[in-house]
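This report introduces a protein structure to a reader who has not met it before. The sequence and the model are shown first, and the description follows.

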Amino acid sequence: DCAAQEGPAQKRPRKGGGPPKGAGRGRAGKGAAAAGGADGDWDEAASADSAAQAGLAQKRPKAGAPAAAAATAADHQYGPETQKLIKEAAAALGQEEVDSVLAQARSDAETSLRRLPKESKQAAMGRLMENMIVRRLKERLAQPQGGGAAPTPWPAANGGGGGGSSSSARELGDEVTDTDLEGRQFDLKQVVVNFANVGASFAKTVLGRDPSIPNRTGLFDWEGVRRCLQYIRNERNWRICGVINENYVATDAGNGGRGKVTMPEDIRAMCEHILETPRIHGSNHSSADDEMTIKCAYRRNSRFLDNDNYRDWTQQMRDEKIRDWLHNFKELLHCRYFFDGGTGAFEILDGNVPAHMLAAGIQVSKQQLWSASRY
């Protein structure tokens, strides 16, 4: 009985120098206990345990570490050109601003990819972050530094006096770094144009043709398509794919002819591709040109131009991927337009929500738009 009581007593920590509770559980503690359990051995075991715990503590990152530490640890995932740009930006703008760009890029990338399945998100995350970081750092480096008025994110117009926006400004407005639900980059420098919708709008608004009055000239004119394409090419610098019913003939007010003609060669020359919709009978395919416009834009992940609201297609498109794409990104990619009935000029309605917010699905109020970044 005395021996049994004496065993547990040796395990109790002694006052004034005994080991801390649980000291014998570590490797050093077990070794010290095997050596005899004398006071010196307990002290040595406690010191060894403390050192081991201190080593582990040194390896743990401190809470609230600056974003620079996280960015530096992740540098290996970026290409050499991106790493070089980050260093140049840190030297020119300061590390604090670069850290802010890196942190914001991660946050925006996570927001943009939140709809992706988890297994697809990881693969797209690094590429999207790098795209965002490169673009945003280049934009900040291009802005004038120093005092004075706040720098504008848009380059000045050519000649300073009124020559329209520069090509670099158009490029800034035509790029977003977000991706669609499948991780594909948007191509905002390409547009699929529904010729039938544009030509009919011109004939009604500019030429004054009345849809309720049957006439031999028809409700479509090639001149409306011509003015649309000239605007897109000259003002927006976008690539164009045209959708029109096959073997289509119509009047061409631009050439002064009253008879119906096939597609004029100058219109064909302004397009990268002409996509002809098959002539299909039956009510199920009565909007085949609209369906073709949507599907061609989906395959390109590009803009599409048509004043149809496509409410039926957001509900009834049978291909689930295309339906989800249309539902989620119609606000970003669907271009609306108008013809000025007085001058006959064509214009695109851009809206007032920045493209990067539309691409990321960010909801913004009118008041927030007063100070929101345009890019």
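Which residues does V193 touch, not counting residues up to four places away in sequence? In this predicted model, V193 touches V198, C228, L229, I232, I240, C241, G242, V243 and L305.

V193 also belongs to the largest nonpolar core, which has 26 residues. Together with F195, W222, L229, I232 and L305, V193 is one of the residues that touch the most other members of this core. Six elements each supply at least two residues of the core, and they are listed below.

| Element | Residues |
|---|---|
| β1 | 187-194 |
| α9 | 195-205 |
| α10 | 222-236 |
| β2 | 239-245 |
| β7 | 334-339 |
| β8 | 346-349 |

Helix α10 provides the largest share of the core, with 6 residues. Apart from this core lies another one, of 23 residues, among them V243, L275, W325 and A359.

The protein as a whole gives the setting for these cores. The chain forms 16 helices and 8 strands, and buried residues make up 36% of its 375 residues. Among the contacts with a separation of 6 or more, 66% are accounted for by residues 24 or more positions apart. The accessible surface comes to about 22,000 Å², and carbon and sulfur atoms hold 49% of that area.

Helix α5 shows how burial can be arranged around a single element. This helix covers residues 80-93, 14 residues in total, and reaches 20 Å from its first C-alpha to its last, close to the 20 Å expected at 1.5 Å a residue. Its buried residues are T82, L85, I86, A89, A90 and L93. Seen down the helix axis, these buried residues fall within an arc of 135 degrees, so they line one face of α5. An α-helix has 3.6 residues a turn, so residues three or four places apart point the same way. On the other side of α5, the exposed residues are P80, E81, K87, A91 and A92. Just after the helix, G94 adopts a positive phi of about 100 degrees.

A further point of interest is A360. This residue is found in helix α15, which covers residues 355-360. Is A360 buried or exposed? The cut-off for a buried residue is under 20% relative accessible area, and A360 counts as buried because its relative accessibility is 5%. A360 and D178 are 182 residues apart in sequence, while their C-alpha atoms are 6.4 Å apart in space.

Note on methods
Residues are numbered from 1 along each chain as its sequence is written. This is a predicted model: local features need pLDDT of at least 70, side-chain atom pairs count only at pLDDT 80 or more; totals for chains, interfaces and linings use all residues. Side-chain values use heavy atoms; hydrogens and water are left out. A nonpolar core is a set of buried Ala, Val, Leu, Ile, Met, Phe, Trp, Tyr and Cys residues joined through side-chain atoms within 4.5 Å. Buried means under 20% relative accessible area, exposed over 50%, partly exposed in between (1.4 Å probe, protein chains only). Helices (H or I, at least four residues) and strands (E, at least two) are DSSP runs, numbered from the N terminus. Contact means heavy atoms within 4.5 Å. The expected span of a helix is 1.5 Å times one less than its number of residues. The arc is that of the directions from the helix axis to the C-beta atoms. Accessible areas come from the Shrake-Rupley method with a 1.4 Å probe; for residues, only the protein chains shown count as cover.
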